[in-house]
Amino acid sequence: MGLLGRVAGSASRRIFSSAVAEAKYPTLLHVDAFTKAAFSGNPAAVCLLDDKAEEKWMLNVARNQNLSETAFVRPTCSAQLEGDAGAPAKGETFELRWFTPSVEVDLCGHATLAAAHALFSRPHGRESDVLRFATRSGELQAVQRAEGLIELDFPASPPTPLRQSVGPSPEEVAAALRLPVEVIEVVGASDDLLVVVPDAAIVRAVTPDLGLISRLPYRGVIVTAAAGSQHPYHFSSRFFAPAVGIAEDSVTGSAHCTLAPYWGAVLGKRIMRAVQLSERSGDMELELDGPLDTDDTAGGQPGDAAGGGAAAGSTCAAEPVSPAAKSALPSEAPAQDSSMSRVQKLGHLEPRLDEEPLKRPPRPHSRSGASQNSLAAVTAAAVAAVGSRGRVRIRGHAVTTMEGRLLVFPPRPQPVVSRFC
């Protein structure tokens with residue numbers, strides 16, 4: 001290409017860039033949530049809108065991104081949101097919607113964190129360190145903390161015990177997870193089915209039958225275990241949701257609205273650190289509003305039951321893998337230490353030692369009548385753990401990996417006109 005051609009090409013690019021800026025096409029970002037390191041955590045697309053857009057258009061954008069979630073954010077009037085307990089509303093306000101490649105969902109933690117990070121990272125900053133989102137799950141708040149940490153305030157969703165003869169049997173759940181029935185404990189459900197296994201090695205190694213998982217009457221299935229005391233986390237998990245188009249989610253904030261009350265009740269903790277052992281991995285800090293039991297011992301190490309060791313008969317304590325559990329693992333599965341050390345190398349949350357204890361109920365470990373009573377005690381304690389507000393605070397970091405313009409204007413939804421007006 002000659003000099004004239006290069007000059008003409010450069011001028012064309014400038015004109016095109018200027019036209020994009022003048023047209024105010026939607027800004028589109030890719031953000032890795034629940035991590036400090038790029039290309040780990042859970043990626044989400046964030047589309048920043050100036051006005052309302054058609055639902056079909058948003059779903060098409062989400063399909064084109066082909067990520068587990070795409071968040072659509074637009075500014076709203078602060079008068080549309082009310083403050084807590086009648087207090088004046090604080091912070092900037094936005095509408096927030098989440099789409100998988102196939103459906104709109106009611107709640108998504110990592111895409112909310114990604115949206116908050118995208119807004120806080122705008123070149124001119126924000127007027128407030130508090131963002132308020134109007135969503136299908138009610139009002140959510142995001143607060144910017146020190147060193148890039150973002151705190152989300154989400155509705156808690158404690159698990160409810162499954163009634164006998166209602167819902168899937170333990171054998172059906174074990175078959176869907178391809179695990180021996182002896183190593184699973186079907187605790188209960190919210191929107192998701194919560195399944196506890198003895199240790200993190202099983203969590204990391206599970207290879208479920210996604211077809212069977214998708215037939216269960218839940219959004220997804222959470223598989224979880226306590227972490228060992230030598231690790232900077234209290235529990236680990238993975239999340240499978242093929243019914244909503246996500247084979248496995250990398251790091252799932254909304255699932256921790258169920259996990260936090262459960263593990264808070266079992267471990268006797270208000271503040272916990274959690275890791276999700278997907279291929280990309282990521283972590284977060286969780287805080288409950290439940291009442292304190294001042295007779296319990298404060299502190300303790302991650303993986304301990306409130307610093308006092310495991311509850312009697314607990315399958316959740318850090319202990320050697322049982323023969324039944326070993327049979328559930330592929331022969332090449334790494335030890336629990338390996339599954340955690342890979343996460344630690346990503347440089348996620350620093351350990352906090354200011355946890356305060358909650359009253360801890362007995363941990364069920366069989367399917368006898370006594371076990372059903374213990375399950376009821378655990379789930380009742382999980383409800384109490386979230387306190388009167390019924391909320392969970394989720395804290396994490398995020399990293400922007402891409403930013404550009406979506407060169408398609410969103411069509412505005414058509415107003416509904418009554419024939420009787």
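This report walks through the cores, salt bridges and strand pairings of one structure. The model is predicted.

## The nonpolar cores

In soluble globular proteins, nonpolar side chains tend to be buried together. How many residues does the largest nonpolar core have here? The answer is 61. Those with the most contacts inside this core are V46, V73, W98, F133, W263 and I394. Helix α3, residues 109-120, supplies the largest share of the core, with 8 residues.

A second core stands separate and has 27 residues. Among them are V173, V197, V203 and V221.

Now take V73 as an example. Neighbours within four places in sequence are left aside here. V73 is then in contact with V46, C47, L48 and L49. V73 is also in contact with F94, E95 and L96. A115, L119 and F133 complete the list for V73.

## Helix α2 and its cover

Helix α2 spans residues 55-65. Which of its residues are buried? They are W57, M58, L59, V61, A62 and Q65. What covers these buried residues includes four strands: β1, β2 (42-48), β3 (70-75) and β4 (92-99). Just after α2 comes N66, which takes a positive phi of about 55 degrees.

## Salt bridges

Side chains of opposite charge can pair when their charged atoms come close. A search of the whole structure finds 19 salt bridges. Three of these pairs appear in the table.

| Pair | Closest N and O atoms |
|---|---|
| R280 and D32 | 3.0 Å |
| R136 and E104 | 3.0 Å |
| R393 and E287 | 3.9 Å |

Start with R280 and D32, which form a salt bridge. R280 sits in the loop between β14 (271-276) and β15 (282-288), while D32 sits in strand β1 (residues 27-33). The two are 248 residues apart in sequence, so the pair ties together distant positions in the chain. Are these two residues buried or exposed? R280 is partly exposed, with a relative accessible area of 26%. D32 is buried, with a relative accessible area of 2%.

Next come R136 and E104, another salt bridge. This pair links distant parts of the chain, 32 residues apart. R136 is in the loop between β6 (130-135) and β7 (138-144). E104 is in strand β5, residues 104-105. E104 is buried, and its relative accessible area is 15%.

The third pair is R393 and E287. R393 lies in strand β16 (residues 391-396) and E287 lies in strand β15, so the salt bridge ties together parts that are 106 residues apart in sequence. E287 is buried, at a relative accessible area of 13%.

R393 and E287 also belong to a network of salt bridges. Its members are R145, E151, E285, E287, R393 and R395.

## Strand β6 and its partners

Strand β6 is largely enclosed by the rest of the structure, because 5 of its 6 residues are buried. In which sense does β6 pair with β4? The two strands pair in the parallel sense, over 4 bridges. L131 in β6 is the bridge partner of E92.

With β7, β6 pairs in the antiparallel sense over 6 bridges. Here L131 stands opposite A142 in β7. β6 and β7 form a hairpin, with 2 residues between them. The loop between β6 and β7 is where R136 is found.

## Strand β14 and its partners

How many residues of β14 are buried? The count is 6 of 6, and the strand is mostly covered. I271, R273 and V275 point one way from β14. M272, A274 and Q276 point the other way. Residues on both sides are buried.

Strand β12, residues 235-241, pairs with β14 in the parallel sense over 3 bridges. F235 has A274 in β14 as its bridge partner.

β14 and β15 run antiparallel and are joined by 6 bridges. I271 has E287 in β15 as its bridge partner. E287 is also the residue that forms a salt bridge with R393.

β14 and β15 make a hairpin with 5 residues between the strands. In this hairpin, S281 takes a positive phi near 65 degrees. R280 lies in the loop between β14 and β15, and R280 forms the salt bridge with D32.

Technical notes: Residues numbered from 1 in each chain as written. Predicted model: local features only at pLDDT ≥ 70, side-chain atom pairs only at ≥ 80, totals over all residues. Heavy atoms only, no water. Core = buried A, V, L, I, M, F, W, Y, C linked by side-chain atoms within 4.5 Å. Buried < 20%, exposed > 50% of the residue type's maximum accessible area, 1.4 Å probe, protein only. Contact = heavy atoms within 4.5 Å. Salt bridge = Lys/Arg side-chain N within 4 Å of Asp/Glu carboxyl O. Pairing = 2+ DSSP bridges.
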